Amino acid sequence: MIWNPQYECQESGERRLLQLARLKNLVETLYSRVPFYKDRLDEAGVRPRDIKALSDIAKLPFTIKDDLRETYPYGLLACPESEIEEIHMSSGTTGVPVVDAYTRYDVECWEEAMARTLSGAGATRHDTVQNCYGYGLFTGGLGVHYGAKRIGANIIPMSSGNTQKQLMVMRDFGSTLLCSTPSYALFMAEEARETGFDFKSMKIKAGCFGAEPWSENMRHQIEVELGIDAYDIYGLTEITGPGVAFECECKDGMHVNEDLFYPEIIDSETGLPLPDGEKGELVFTTLVKEGTPLLRYRTRDVTFITRGTCGCGRTTAKMHRLFGRTDDMLIIRGVNVFPSQIEHALIEIEGTDPHYLIVVDRGSNHLDEVELMVEVKRELFTDETKSLESLKGKIESVMKSKLGIQLRVKLVEPKTIERSVGKAKRVIDRRSI
Ligand SMILES: [Zn+2]
């Protein structure tokens, strides 16, 4: 099911002309309306008239997450504030949030992108979409909602959590498409088994899964346990939310909505563009965004891109599964966590040594679990166990308030954590995603 063949199956030469026209327009808009970008373009010595071919994009400056934080809340706005209809913010719970502001047209483009995404998973107006992504500042909930509305499907805005009710609704209202994180889908399967819900007898036939990294193994497990087809989707708040790229029935890479978001792969060290098929950092330019358009946004996600006509008939570029990130960010239950945040929090707690290790695993309930091993002063171990217990509780509560996630703290004696000669190893990620 292809929602918009005009753009999704466009001849590549025609698409490049469209992308070039949109890129020129974007650079002109940013140069004349956003002082941040005018300065950046001046520094790079590039004027809007210098953009003559798509390859000229390589002359343009990058945008990074810190740029978005430093211009909070409205420093990157490219339209009058009165034209903003909706705002969303990044899911990270610490520091200054990343803001995405949408005009009416931006929301329409988002609806379009998500209609294509859900259609890629086979959805039509006859479907009932059970949306388990959180509604609110997070883009997942409303993104799916808008796409399902555009298609004309029946949408059940469940939001996340309350698994027994999710299962009851799925059974009683005959949901056919599930939208959630992949780990939540497996969690539902387990709850279903324990409480006697039989997925195979329900009408559910497919699912769109995203917002966290997952693997082919996990896809296989979801497909077997829920008896559905599982599709990968990709998006990020900075660019628009979900709907940036999605899988078709070939399940071999995600089609990028290229008429809306221009993808590049770069060498993260040199910043130079890499050819198709080569692995590097994924970069997006928003081609039609009016509210907060971005030039060459560095996602920090590592993947590669391929082009050609897909078995499904679409001609858009495909981005492949993520190989990881160029920074050390961890995604724990949908929350972005940097090891440096844990380090900073620990420094302020008396009695701890600056040696720690973060061990991330996926628990038996398929949800992420984090253990934080912390070395503490030797005298604490000779002391009463009471002081150890209270320190443990203190660290756990500080981490909960600073990071927004619950983690388990294990206090260990000095020199327990292995020392490395080079860069300290702070994270062991055992999640077999
Ligand atoms: Zn395809």
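**Zinc site, sheets and local geometry of the predicted model**

Along the sequence, the residues that donate to the zinc ion follow the spacing C-x6-H-x54-C-x1-C. His255 belongs to strand 9 (residues 254-256), whereas Cys310 sits in the loop between strand 13 (305-306) and strand 14 (318-319), so this pair ties together parts that are 55 residues apart in sequence. The structure described here is a predicted model, and every value below is to be read in that light. In this model the zinc ion is coordinated by the SG atoms of Cys248, Cys310 and Cys312 and by the NE2 atom of His255, at 2.1 to 2.3 Å. The angles subtended by the four donor atoms around the zinc ion range from 104 to 114°, and the arrangement is therefore tetrahedral, since four donors count as tetrahedral if all angles lie between 85 and 135 degrees. Two of the donor residues can also be described by their accessibility: His255 counts as buried because its relative accessibility is 0%, and Cys310, at 10% relative accessibility, counts as buried as well, the cut-off for this class being under 20% relative accessible area.

Strands 9, 13 and 14 also take part in an open sheet of nine strands, which has the order 4-3-5-6-7-8-9-14-13 and mixed pairing. Strand 4 (154-156) and strand 13 stand at the edges of this sheet, and each has a single partner strand, so one side of each is left without a neighbour in the sheet. Within the sheet, strand 7 (residues 229-236) and strand 8 (residues 241-247) run antiparallel and are joined by four bridges; Gly235 stands opposite Pro242 of strand 8. Helix 9 lies across strand 5 (177-180), strand 6, strand 7 and strand 8, and it runs at about 130° to strand 7.

The loop that connects strand 6 (206-209) to helix 9 (216-226) contains Ala211. With a relative accessible area of 43%, Ala211 is partly exposed. When residues up to four places away in sequence are not counted, Ala211 touches Tyr133, Phe138, Thr181 and Ile331. Between Ala211 and Leu346 there are 28 Å in space, C-alpha to C-alpha, and the two are 135 residues apart in sequence.

Helix 7 (residues 163-172) offers an example of a helix with a buried side, as Thr163, Gln166, Leu167, Val169 and Met170 are buried. These residues cover an arc of only 165° around the axis, which puts them on the same side of helix 7. As a general point, an α-helix has 3.6 residues a turn, so residues three or four places apart point the same way. The elements that cover the buried residues of helix 7 include strand 3 (128-131), strand 4, strand 5 and helix 8 (182-195). After helix 7 comes Gly174, whose phi is positive, near 60°.

Another open sheet is formed by four strands in the order 10-11-12-15, with antiparallel pairing. At its edges stand strand 10 (261-266) and strand 15 (324-325), each of which has a single partner strand, so one side of each is left without a neighbour in the sheet. Strand 10 pairs with strand 11 (residues 280-286) over six bridges in the antiparallel sense, and Phe261 stands opposite Thr286 of strand 11.

A parallel pairing is found where strand 19 (residues 368-376) is joined to strand 20 (residues 408-412) by five bridges. In this pair Glu371 stands opposite Arg408 of strand 20. Strand 19 is mostly covered, as eight of its nine residues are buried.

Some details of the backbone remain to be described. The peptide bond that joins Tyr72 and Pro73 is cis, with omega of about 0°, and Pro73 is found in the loop between helix 4 (65-70) and strand 1 (84-89). Lys251, although it is not a glycine, has a positive phi of about 45°, and this residue lies in the loop between strand 8 and strand 9. A positive phi, near 70°, is likewise found for Lys415, a residue other than glycine, which is placed in the loop between strand 20 and strand 21 (427-429). Lys415 is exposed, because its relative accessible area is 68% and the exposed class begins over 50%.

Definitions and conventions:
Residues are numbered from 1 along each chain as its sequence is written. This is a predicted model: local features need pLDDT of at least 70, side-chain atom pairs count only at pLDDT 80 or more; totals for chains, interfaces and linings use all residues. Side-chain values use heavy atoms; hydrogens and water are left out. Donors are N, O and S atoms within 2.8 Å of the metal (3.2 Å for Na, K and Ca); water is not among the atoms, so sites may look incomplete. Four donors count as tetrahedral if all angles lie between 85 and 135 degrees; four count as square planar and six as octahedral if opposite donors are over 155 degrees apart and all others between 65 and 115; anything else is irregular. Helices (H or I, at least four residues) and strands (E, at least two) are DSSP runs, numbered from the N terminus. Buried means under 20% relative accessible area, exposed over 50%, partly exposed in between (1.4 Å probe, protein chains only). Contact means heavy atoms within 4.5 Å. Two strands pair if DSSP finds at least two bridges between them. Axes are lines fitted to C-alpha atoms, for helices over the stretch in contact, and angles run from 0 to 180 degrees between N-to-C directions. The arc is that of the directions from the helix axis to the C-beta atoms.
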